[in-house]
Amino acid sequence: MPCYRCGARQTDPVRGASPWQRGVRNESQVLICPDCQRLHDLDLDACATCGSTALICRLGEVECRSCGDVRLARSSDPLSPAPVAPPPGLSAEVEAALNRVLGRA
């Protein structure tokens, strides 16, 4: 999954914690690259209880990692934006990666 702001994709991680951050934007889980994390206005969803943007979205629920508040994701909201299309060239990159891993010529 690419960074939701700039479209950069993760590379193979080195040992240790990933420098990429997870967040929730428009009721969907997103990744934020280290460069975009330096921006102050990431436009992420915030917890209605404590105001934190440390949210995770899983199995139709949004959970705040700061206060533990859990709510249902509003995935059927007619005002929510349409899903973002994958960046151009993604299918070719995936095919090339599979060929490398599977040893295809």
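## Strands that pair up

Two strands count as paired if DSSP finds at least two bridges between them. Strand S4 (residues 61–64) and S5 clear that bar, because they are joined over three bridges, in the antiparallel sense. Keep in mind that what you're looking at is a predicted model.

Let's zoom in on the partners. Val62 has Arg71 of S5 as its bridge partner, and Glu63 is matched with Val70 in S5. On the other side of the story, S3 and S4 also run antiparallel, and four bridges join them. One of the pairings here links Leu55 to Cys64 in S4.

## The sheet as a whole

Put these strands together and you get an open sheet of three, in the order S3-S4-S5, with antiparallel pairing. Strand S3 (55–58) and strand S5 (70–72) are the edge strands, each pairing on one side only. From one strand to the next, the twist averages 25°. As general background, strands of a sheet pair through backbone hydrogen bonds, either parallel or antiparallel.

How does the chain get from one strand to the next? S3 and S4 form a hairpin with two residues between them, and Leu59 in that turn has a positive phi of about 50°. S4 and S5 form a hairpin too, this time with five residues between them. In this turn, Gly68 has a positive phi of about 85°.

S4 also has two faces worth a look. Val62 and Cys64 sit on the covered face, while Glu61 and Glu63 sit on the uncovered one.

## Glu27, a buried charge partner

Now find Glu27, in the loop between strand S1 (21–25) and strand S2 (28–32). Is Glu27 buried or exposed? Its relative accessibility is 12%, and buried means under 20%, so Glu27 counts as buried.

Glu27 forms a salt bridge with Arg71, with the closest N and O atoms 3.2 Å apart. Glu27 is in the loop between S1 and S2 and Arg71 is in strand S5, so the pair ties together parts that are 44 residues apart in sequence. Arg71 itself is partly exposed, with a relative accessible area of 22%. Leaving aside neighbours within four places in sequence, Glu27 is in contact with Asp45, Cys57, Val62, Arg71, Ala73 and Arg74. Val62 is a residue you've already met, as the bridge partner of Arg71.

## More salt bridges

The structure holds five salt bridges. One of them joins Glu93 and Arg9, whose closest N and O atoms are 2.5 Å apart. Glu93 lies in helix H2 (residues 90–102) and Arg9 in the segment before S1, so this pair ties together parts that are 84 residues apart in sequence. Both partners are partly exposed: Glu93 has a relative accessible area of 44%, and Arg9 has 27%.

Another salt bridge runs between Arg38 and Asp35, at 2.7 Å between the closest N and O atoms. Here both residues are exposed, with a relative accessible area of 60% for Arg38 and 54% for Asp35.

## The nonpolar cores

In soluble globular proteins, nonpolar side chains tend to be buried together. Which residues make up the largest nonpolar core here? There are nine in all: Cys3, Trp20, Val30, Leu31, Ile32, Cys33, Cys36, Leu42 and Leu44. S2 gives the largest share of this core, three residues. Apart from this group lies another core of seven residues, including Val24, Cys47, Leu55 and Cys57.

Cys3 is a handy place to start exploring the largest core. Leaving aside neighbours within four places in sequence, Cys3 is in contact with Ala8, Trp20, Leu31, Ile32, Cys33 and Cys36.

## Ser52, tucked into a loop

Last stop: Ser52, in the loop between helix H1 (34–37) and S3. Its relative accessible area is 16%, so Ser52 is buried. The side chain of Ser52 reaches the backbone nitrogen of Ala54 at 3.0 Å.

What else is Ser52 in contact with, leaving aside its neighbours within four places in sequence? The list is Asp45, Ala46, Cys47, Cys64 and Ser66. Two names there should ring a bell: Asp45 is also in contact with Glu27, and Cys64 is on the covered face of S4.

Notes
Residues are numbered from 1 along each chain as its sequence is written. This is a predicted model: local features need pLDDT of at least 70, side-chain atom pairs count only at pLDDT 80 or more; totals for chains, interfaces and linings use all residues. Side-chain values use heavy atoms; hydrogens and water are left out. Buried means under 20% relative accessible area, exposed over 50%, partly exposed in between (1.4 Å probe, protein chains only). Contact means heavy atoms within 4.5 Å. A nonpolar core is a set of buried Ala, Val, Leu, Ile, Met, Phe, Trp, Tyr and Cys residues joined through side-chain atoms within 4.5 Å. Axes are lines fitted to C-alpha atoms, for helices over the stretch in contact, and angles run from 0 to 180 degrees between N-to-C directions. A polar contact is a pair of N or O atoms within 3.5 Å; within protein, one must be able to donate a hydrogen and the other to accept it, and residues adjacent in sequence count only if both atoms are side-chain atoms. A salt bridge is a side-chain nitrogen of Lys or Arg within 4 Å of a carboxyl oxygen of Asp or Glu.
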